[in-house]
Amino acid sequence: MEPRYALIWLCLAVGFCRPDSNPSSDLVLVPYDFLFDAAVEAYYKGDWLAVILNMEKAIRNKATVRNVKVQCRLRCDNQSALGGLQFPIPGAGSVEDLSFFQKILKRADCVNSCETEKLGSPTLHQVSEEVALEFGKRTPYNYLQVAYFKINKLDKAVAAAHTFFQANPDHMEMKQNLEYYRMMARVEEENFKDLEAKPHMAEFLMGKSFYSDDSFGLAAKHFEKALEEYFTANTECRALCEGGYRFDGYTYMEYSADLFQAMTDHYMQLLNCKQHCSVELASAAGRDGPFEDFLPSHFNYLQFSYYNSEKYEQAIECAKTYLLFHPEDEMMTQNLNYYSAVLGEEKAAAISARQVVKQYIQQSILEKELLYFGYEAFGITFVDPDSWTPEDVMPTKLRNKHKADRETAARITEEIGNLMKEIETLVEEKKKDSSDMAKMIVPQEGGAVLYDNIKVTMTSKQLNGSQRVLLDEVISDDECRELQRLSNAAALKGDGYSGHPSPHTPSEMFQGVTVLKAVKLGQEGKVPLKSARLFFDLSEKVRKVLESYFRLDTPLYFSYSHLVCRSAIDEKQEGRKDLSHPVHVDNCVLVSDLNQCKKEPPAYTYRDYSSILYLNDDFEGGEFIFTELDAKTVTAEVHPRCGRVVGFGAGKENPHGVRAVTKGQRCAVALWFTLDPTHEEKERIQAQDMLNMFSTPVNEEFSQKEAMESAPAPSQADQVAMDKREKNPDIPSQTHAGKSANQLKGMDEKNRTTKAAAKAKALPKAKNKAGEPTKATPGTKAAKQKVKQVDKKGAIPAVKKTTKSASKKDSTSASADNESGKDEL
C-alpha cells in the first residue's frame with residue numbers, strides 16, 4: 001500500500017481526518033480524490049445519499065485545497081518581499097546571492113509550514129491525472145444529477161445537469177436530460193444555473209447582455225465588477241503557477257541540469273504558466289476558444305457605456321486605458337478626442353489611464369522579454385497568448401522568422417484555396433452532367449401502394465401529366481373526422497393562423513397546426529394525444545405509399561407537414577374571382593408570363609415530391625387543379641373527399657393551385673418531401689422523440705412517485721460503467737443495453753404537465769422589426785359548415801378532365817411557397 005493511502009486509512013481509522021472543508025479545524029482534510037472514489041462506488045451500489053454526501057464533499061475539499069494554496073503563497077510572498085537579511089554576512093562577494101537565497105528559503109519554509117498546517121502532508125492531496133481530468137470535465141456533476149433525481153431533488157438535479165452541460169455542450173444525452181427537465185412542472189428557469197461559473201466571466205457576460213439591450217448603466221456596473229473579479233482571479237491563477245516542476249513524460253529520469261539551469265527551467269515554466277493565465281481567464285465553459293482580446297475589450301465596452309450614460313470622465317479614463325493595449329487604434333483615438341472636446345481639453349488631460357492596468361502591462365511585458373530571452377538562449381518554447389504585445393518586445397531575429405512563417409502559411413493557404421476552387425468546379429461540372437443524364441431518364445411510377453384497401457384512382461396519364469397519382473381510401477372516415485377536430489382544436493390554441501385571414505386571399509380564413517405543435521398540445525392535455533399521434537402516423541403512411549408507388553431508390557424524407565383548414569368568409573364571397581391558393585410550383589419560382597420556373601431562392605429547391613391528404617368534402621369550391629406553366633391552362637382537376645390523396649413531383653412539370661372555397665371549411669394534411677436528408681423536417685424528429693417518450697413503458701421504480709414527470713437519460717452504457725468500476729471512475733451509467741432512461745420518460749400523461757409559462761420565461765423577448773406585423777388576437781370561429789347531402793361513393797366526381805381548356809376563373813402565379821405554413825393546398 002502506498003504511504004499516502006496508508007495515511008488516509010489511518011487518519012480515518014483514528015478519527016483525525018476532517019471530512020468538511022473548514023481549514024481552521026485541527027483535523028486533516030480528507031483528499032478529494034478519496035471522496036470521489038467513495039462516491040463512485042456508492043453510485044454503483046445505488047446508495048444515492050452516499051453519492052451526494054461524498055461527491056459534494058469532494059467538490060468542496062478540492063476548492064479548499066486550491067484556496068489554501070493561494071492564500072499561503074500570497075501571504076508568504078508578501079512576507080518575503082518585506083523581509084531583509086536576518087543574520088550577519090560573512091565576507092563580501094556573495095552577499096547578493098546569499099540575500100536572494102535567504103528570501104527563497106524563508107519563503108519556501110513559510111509556504112510549506114502554512115500548507116502543512118492547514119492541509120497536512122504535502123503529498124496527501126496530490127491526485128492522479130485521471131482524477132484531475134474528471135474534475136476538469138465536471139464529471140462529479142454528472143453523478144450528482146442522477147443521484148439528486150433519484151431522491152426527488154429536482155432543483156439540485158437540474159443545477160448539476162446544467163453545470164455539467166456547460167463544460168460538455170456536445171454531450172447529447174445530457175442535452176436530452178435538460179430538455180426533459182424543462183418539461184417538468186416543478187422545474188423553474190432559475191434552477192438552470194452554473195455552479196462552477198467564474199465570477200469575472202459571469203459578470204462579463206451579464207454586462208454584454210445589458211450592453212446588447214442598450215442598458216448602458218447596468219452594463220457598466222457589471223463590466224466594472226468583472227474587472228475587479230478579473231484581477232483577483234489573475235492574482236490567484238499566478239499564485240497557483242508556483243508549484244512543483246512538471247516533467248514531460250519520463251524526462252525526469254534523464255534530467256541532470258546544474259543549479260542555475262534547473263532554476264532557469266523551472267522559472268521559465270512558471271512564467272509560461274503566468275502568461276497563460278490570460279488565456280485561462282478568457283475561457284468560458286463550453287466555448288471552443290477563449291474570448292479574443294478579453295481584458296482590453298472590457299474597457300472598449302466601458303468607454304461606450306459611459307459615453308451613453310454621459311459620464312465623460314469615466315469614458316475618457318477607459319478610452320485611455322484601452323489605448324495602453326492598442327495605442328494605434330484609430331477609432332478609439334477618435335472617440336477619445338470627441339470625449340475630450342465635450343468635457344474640455346484641460347479636464348481631459350488631467351485624467352489618466354488606470355494604474356492597475358499600467359502595472360499589469362508593465363509586468364506582463366517584462367515577463368515576455370524574459371521568456372523570449374529563454375527562447376533564444378535555451379530553446380525554451382514560448383507562444384505569446386496576447387494580441388496587444390508591442391512588436392519590439394519580440395527579438396528581431398525571432399520576429400523575422402515569424403514573419404517568414406506567416407508568409408509561408410499565407411501562401412500555402414492561398415494555394416489550398418485555389419485547389420479547392422478547382423475541385424468545386426469539377427464537382428459542379430459532374431453534378432451538371434448527372435443532372436442532364438437524369439433528365440434523359442423517364443421517372444418510374446406505378447409501384448405497389450403497400451395497403452390492400454388503397455385504390456389507384458388516376459395515374460399520370462389520366463391526369464394529363466407526369467409524376468402524378470390520385471389515391472382513394474387511404475384513411476377511414478373516423479380518422480378524417482378526428483384529424484379535422486384536431487385542426488380546429490389545435491389551431492385555436494395558437495398555432496398556424498388561428499382563424500386569421502388567409503395569406504393567399506382575404507376572402508378566406510386559414511388555420512393550421514404542425515406535428516410538433518400538435519404533440520406538445522397533446523402532452524399538455526389541451527388536445528387528445530391520440531389525435532396528435534394519428535396525425536403523425538397517417539402522414540408517415542402517405543410517405544411510405546408515395547415512396548413505393550413512385551419506385552424511388554432512395555428514401556423520402558419529410559420536408560414539412562401541416563394540418564390545415566381554410567374557411568370561406570361568407571360576407572366576402574360576392575363577386576369573388578381569385579383562387580384560394582394561386583397557381584405555383586413547389587420547388588421553383590413560377591414566372592407564368594414567360595412559361596418558366598426558376599429553381600432558385602426563395603423557392604424551396606430541395607423539395608422533390610408533394611402530396612395532399614383530404615379530410616372532408618362538405619364545402620363548396622376548393623378543387624385542386626394542375627395547370628400548364630402559364631398558370632391558366634388547366635390540365636386536371638381534383639375534387640377533395642375524405643381519404644383521398646393527390647401525390648405529384650414537386651418540379652416544374654406540376655404547377656398547381658386551389659380554386660376558391662366559397663362556402664364551408666376545407667381541411668387537408670399538406671405534405672412535402674425531399675430526397676436530401678440534410679433538409680429533413682427537424683420539428684418532426686422532435687415530435688417523434690416525444691411520442692416515443694410517451695409510449696415507453698413506465699419504470700416500476702418511478703411509477704409510484706407522483707411528483708416524477710420524467711427521468712434523465714443515462715450518460716453511458718453499463719459496460720462502460722463496469723469498466724470504469726474496475727479501473728477509473730467515469731461518467732455515471734444509468735441504463736442497460738437497450739434499456740435507456742427513456743423508460744423513465746413514459747410517465748402518465750397527467751403527471752407530465754408541461755410548465756409552459758416557465759418554458760416561455762426562458763426565451764428572450766423578441767422585438768418587432770419596423771414593418772413587421774405583431775401577433776394579433778385570434779379571430780372568431782368560422783361559421784358552422786352546412787353539410788352537403790350527396791352520396792360520397794359516386795355523386796362527387798374524382799377528377800374533371802379537361803384538355804387545355806382555360807380555367808373558369810383567372811389566377812395569378814404565385815412566388816415560392818412559404819415554409820412557415822403558407823403553402824398548404
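A salt bridge is a side-chain nitrogen of Lys or Arg within 4 Å of a carboxyl oxygen of Asp or Glu. By that rule, the side chains of R107 and E242 form one here, with N and O 3.2 Å apart. Welcome to this structure, which is a predicted model. The protein chain has 825 residues, of which 44% count as buried. The points below go from the overall fold to the salt bridges, the cavities, the nonpolar cores and two individual residues.

**The chain as a whole**

- Along the protein chain there are 24 helices and 20 strands.
- Among contacts in the protein chain with a separation of 6 or more, 76% are between residues 24 or more positions apart.

**Salt bridges**

- The structure holds 25 salt bridges, and three of them are described here, beginning with R107 and E242.
- R107 sits in helix α4 (residues 95-119) and E242 in the loop between α10 and α11, so their pairing ties together parts that are 135 residues apart in sequence.
- R107 has a relative accessible area of 23%, so R107 is partly exposed.
- E242 is likewise counted as partly exposed, because its relative accessibility is 25%.
- This pair also belongs to a network of salt bridges that links D77, R107, E242 and K274.
- Another salt bridge joins the side chains of E367 and R238, at 2.2 Å from N to O.
- E367 is in helix α16 and R238 in helix α10, so this bridge ties together parts that are 129 residues apart in sequence.
- Both E367 and R238 are buried.
- D578 and R576 form a further salt bridge, with their closest N and O atoms 2.6 Å apart.
- D578 counts as partly exposed because its relative accessibility is 27%, whereas R576 is buried, with a relative accessible area of 13%.
- As background, side chains of opposite charge can pair when their charged atoms come close.

**Cavities**

- Searching the whole structure turns up two cavities of 30 Å³ or more.
- The largest cavity holds about 90 Å³ of space.
- Its lining is made up of N234, R238, K274, Q275, C277, S278, Y360, Q363, S364, E367, K368 and D386.
- Three elements give two or more residues to that lining: α10 (216-240), α11 (259-281) and α16 (355-378).
- Helix α16 contributes the most to the lining of the largest cavity, with five residues.
- By character, the lining of the largest cavity divides into two nonpolar, five polar and five charged residues.
- Some names return from the salt bridges: R238 and E367, which pair with each other, are among the lining residues of the largest cavity.
- K274, part of the salt-bridge network, is another residue of this lining.

**Nonpolar cores**

- In soluble globular proteins, nonpolar side chains tend to be buried together.
- The largest nonpolar core here has 49 residues, and L483, F535 and L615 touch the most other members.
- Elements giving two or more residues to this core are the helices α18 (477-491), α19 (515-523), α20 (529-549) and α21 (682-695), together with the strands β4 (468-472), β7 (557-568), β11 (609-614) and β17 (661-674).
- Helix α20 supplies the largest share of this core, ten residues.
- Leaving out residues up to four places away in sequence, L483 touches I475, S531, L534, F535, L538, L563, L615 and V669.
- Apart from this core lies another one, of 47 residues, with L227, L302, Y360 and L371 among them.
- Y360, a member of that other core, also helps to line the largest cavity.

**Two residues to look up**

- A233 belongs to helix α10, and A233 is buried, with a relative accessible area of 17%.
- Setting aside neighbours within four places in sequence, A233 is in contact with H200 and L281.
- A233 and L281 are 48 residues apart in sequence, and their C-alpha atoms are 7.5 Å apart in space.
- S611 lies in strand β11, and S611 is buried, with a relative accessible area of 2%.
- Not counting residues up to four places away in sequence, S611 touches V542, L546, V645, V646, G647, V669, A670, L671 and F673.
- V669 appears in two places, as a contact of S611 and as a contact of L483.

Terms used:
Residues are numbered from 1 along each chain as its sequence is written. This is a predicted model: local features need pLDDT of at least 70, side-chain atom pairs count only at pLDDT 80 or more; totals for chains, interfaces and linings use all residues. Side-chain values use heavy atoms; hydrogens and water are left out. On a 1 Å grid over the protein atoms alone, a cavity is a set of points where a 1.4 Å probe fits but cannot get out, and a pocket is an open set with protein on both sides within 12 Å along at least five of seven lines; lining residues have an atom within 4 Å of a point. Grid points are joined across faces, edges and corners, and a volume is the space filled by probe spheres set on the points. Helices (H or I, at least four residues) and strands (E, at least two) are DSSP runs, numbered from the N terminus. Ala, Val, Leu, Ile, Met, Phe, Trp, Tyr, Cys and Pro count as nonpolar, Asp, Glu, Lys and Arg as charged, and the others, Gly among them, as polar. A nonpolar core is a set of buried Ala, Val, Leu, Ile, Met, Phe, Trp, Tyr and Cys residues joined through side-chain atoms within 4.5 Å. Buried means under 20% relative accessible area, exposed over 50%, partly exposed in between (1.4 Å probe, protein chains only). Contact means heavy atoms within 4.5 Å.
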